[in-house]
Every structure is written in C-alpha cells, then in structure tokens.
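Please work through the following exercises with the sequence and the model side by side. Each task is followed by a solution that goes step by step.

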Amino acid sequence: MALVTTAIRHFKKLNNVQQRRNQSILSMKPGQFVDYMKSNNLKRCSVTYDDTSMCSQTSSPKFNELKEFFSVENNKDYQKHEGLFLEIGSRSGALLGAFVWRTNRGQACGGVRLWEYDTMKDYLFDGLRLSQGMGLKSALAGLWAGGGKGVIASPGKDKANDPDFRRNIFLDYGDFLTSLNGAYIGAEDAGVVVSDMDTIFERTRFMTCISEAKGGSGNPSIATGKGIVCAMEATLDFLGQGTLEGKSVVSQGSGNVARVIFDTLLDKDIGQIHATDINEQQLDLTEKMFADKNHGRLILEQVPRGESKTLAMPCDILSPNALGNILNENTIPTIQSKIVCGAANNQLGKLADNKLMMDHGITYVVDFLCNRMGIVNCANETYGRLNDDPALLQHFSKEWPHSIWKVTHEVLSTAKYKGITPVEAAIEIADRESLEIHPIWPYRTKKIIENLVTDDWASA
C-alpha cells in the first residue's frame, strides 16, 4: 500500500511538472514561473534587445514565449527595452527582476518595488511601463540617467512581513544587483522602506535611497512633496489664476508625501485642504502633526477602500496622492476641479484618458513631471551630500531650464500650441531628451549589457 501511495505521489508530481511546462508563461503566477525555471534547471533568465537583428533575444529557448512578448509588434508597452533580467533568490526563492529602458543618458535608475502579482503578464507589464516611465521622468528632470525598475514578486504578506524572510529577500536582491555590474541602480519604491534599502546595500554598491546613517539621502518624501506644490504653482501661473493663497485642494491620500504637501500648502496660506485616506492611523498621525498650524484649514476624512467620491469633491486643485490608475472613463466625468496635480504614479487608467481629461476642460499636470524629486534625490546621492544642495534646489527654481516650474510651463505651452494633451507633450519632450548621449560615458550601460550576454550571465 505504501508503495502504491508513493507511486501515486510521484505520478502527480511528474504530472504537475508537465502541466507547468505546457502552461503559457504569461498566465503563470510568479511562484509557478519560479517552479517552471527550477524544473528546467534554470536559475536566471534574460531578454535583451539586439541592435543588429533589431529584435529581442532570450537566454534560453525555454523563454521563447517572452521573446514574442517582448516585441514591438505584439506589445505596445515594449519600447525596445535594452534588457530584462530575472533571477531566483538563493535564500528566499523569490522572483527578482530588473528592467532596463533606453540608457543613452546613463545607467538605468529607478525604484525597487515589492509587490504581489496575479500573473507573469502583470509582472512584466509593470516592469516595462515603470522602467520607461522612469526614463522619461529622468530625462524631463535633466538627469544623466536612463530608465530602470526593480520588481520583486512578493511571496505573500505573511512571508514578506516576516523579518527574517524579508531580510533574505533583500539580501538576495543585493547579490542580484551586484551580478548586473551596474547596468541598473536601485532606489526606494512601493512596498519597501529605507531599512530594506540598507539591507540591499549590504550586498551591493549599486543602491541608492539608503539611510543617512550609511551615507545616503534617506526618505525622499520631503523633496517630492515640495516638487508637487511647485508644479501646482506653475500651473496656476500658466493658467493666469494667481497663487495658492486662498485656494482649495482635495487630496486622495495622507501618507508621507501628502503630509509634506499639506505642510507646504499651509505655509503658503492655502484656503482649505480636504484629505481622505483608507488608513485611520495615517489620518490620526496627520491630525496630530498639524494640530498647531491647522486653524480649521485641514479637513480629514476616512473613506472605504476603492472609493472614488474624493475625486468628485469641488476644489481648485485635485491632488491624487495614493494609488495610480484612478483617472479613468468612470471618474473623470465626475471631477469638479480644473487642475489635477498629485504625487501618485500612473494616475491615468490608460493613455486615452488624458484626452478625456482635456475634453472635460481639466488641466492635467503629468505625474512623471511633478513627482520627479524622489529619483532626483537618489540619482544625486552618489555625488556626495551638501546642506542646501544646489543640485536639488535648482529643481524648485524659476530660472533653471529643467526646473519643475519651467518644464511645467513648457509642457502646457506645447500642448496648447499643438492642440495635444499634456501627456503627449511631456512624452514628446522627454522622448527627445532621452535620446541625448551621456557626455562622459556614451553607451556604457549598453556595453555592460552586451558583456553580460557574452559572458553568459544567465548560466552563472
């Protein structure tokens, strides 16, 4: 009987392996993809763009489905990304990824996020979109950096919140970054904190947004929040609507960046701020923080998860400062504000929704224009630290060509002159800037990627 039971288990195991081999990679959960790699004795995977053949190349025939996915013909979100690198963490078994897009201006830079994904298709789409977004953001900001994004597929909240397991995830990611030889420089993003960045830093030098105690710039929320307010002021000025004094702002979210926005707005004599959040603790913290300077100007409200009534509140400026994908065909017609300017990434549900915003007479301040200061803070980190750093302060000026004020005016002016949306104008300007070649290290990151392929990185 025991032999029969063992045989049945062995048969089921073989059957499960065969099912994974036959299943579409894109439909797999990240954990299933890890099992698929293991069943084929593979620890790493790479998909790189070859300039000679003008198409993607994979590190193994087992990933040919990804080669099809990474093609301009089959995927509008694939914009000749120079590289995708995947690895199974040796300690955690987590799926680790780095996406690299257009490095003409320098090394790929962008945040490392720890996030749960239903399928590999979702995982890959996120990395493609975000890495390109970081490249456009860096180009608009005048940084000598390309587009990059680190994506770690979370194994679930229980494991991700276990201190020892979490530490192993980020130690693994540090080793992973080191293996890429500087093709991608990591930073802080969704689902991680500065202490996680410090853990990565234990295993690599290719990391930013580490704590001040270790020589880093720490949490970039202060600079990011001030940048959002600067964009608000520039937009009001462009539209001939004066200053922030006496205006009303509605904020979806009251987290770290939002609180900096509130603090700055209150100092600029804002008329009223109405902030909502799903997290009661965030609201309590916000209330205590501004108890002395509020004077009835800051209204806080807890709302249920997934609500959209915040977006429909009447105000001078609507500021999305929580999750993305909230400006869509359902919510845009309800907006009672002529300006939308906030810190959330990927606020539009789809690119066409920007046209819908314009049709409703709403001036949309592109997210990757106004929330730039996180990557600015991190990109400058390796050049040392200064009090009142002019490299940071110039982004808040009205004179520097790449400042938030100047670029906001340029984007809105271009959109008005050409009769296009602000997003189209921003992408046009950023796309042009992103093609400029680094004046000291031309094509260096491309050469690093070529070396990784030549040295058979995926088999190491």
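**Exercise 1.** Determine which residues are linked with Arg91 in a network of salt bridges, and where the partners lie.

*Solution.* The network joins Arg91, Asp172, Asp175 and Arg203, where a salt bridge is a side-chain nitrogen of Lys or Arg within 4 Å of a carboxyl oxygen of Asp or Glu. This is a predicted model, in which local features need pLDDT of at least 70 and side-chain atom pairs count only at pLDDT 80 or more, whereas totals for chains, interfaces and linings use all residues. Residues are numbered from 1 along each chain as its sequence is written, and side-chain values use heavy atoms, with hydrogens and water left out.

Begin with Arg91 and Asp175, whose side chains meet at 2.9 Å, N to O. Arg91 belongs to the loop between β3 (83–88) and β4 (95–101) and Asp175 to helix α6 (residues 163–179), so this salt bridge ties together parts 84 residues apart in sequence; helices (H or I, at least four residues) and strands (E, at least two) are DSSP runs, numbered from the N terminus.

Next, Asp175 also forms a salt bridge with Arg203 (2.7 Å, N to O). Here the link runs from helix α6 to the loop between α7 (194–201) and α8, over 28 residues.

Finally, consider accessibility, for which buried means under 20% relative accessible area, exposed over 50%, and partly exposed in between (1.4 Å probe, protein chains only). Asp175, at 22%, counts as partly exposed, and Arg203, at 41%, is likewise partly exposed.

**Exercise 2.** In what order do the six strands of the open sheet run, and which strands stand at its edges?

*Solution.* The order is β10-β9-β8-β11-β12-β13, with parallel pairing; two strands pair if DSSP finds at least two bridges between them. β10 (298–302) and β13 (363–364) are the edge strands, each with a single partner, so one side of each has no neighbour in the sheet. Within the sheet, β8 (residues 248–252) and β11 (residues 317–320) pair over four bridges, and Val249 stands opposite Ile317 in β11.

**Exercise 3.** Identify the helix that gives the most residues to the largest nonpolar core, and locate this core relative to the domains.

*Solution.* A nonpolar core is a set of buried Ala, Val, Leu, Ile, Met, Phe, Trp, Tyr and Cys residues joined through side-chain atoms within 4.5 Å. The largest has 69 residues, and those with the most contacts inside it are Met232, Leu265, Leu327, Cys341 and Met357. Helix α8 (residues 221–238) gives the most, with eight residues. Domain 1 (36–60 + 69–218 + 451–459) and domain 2 (221–377 + 392–420), with bounds from an automatic or database domain assignment, both give residues to this core, so it lies between them.
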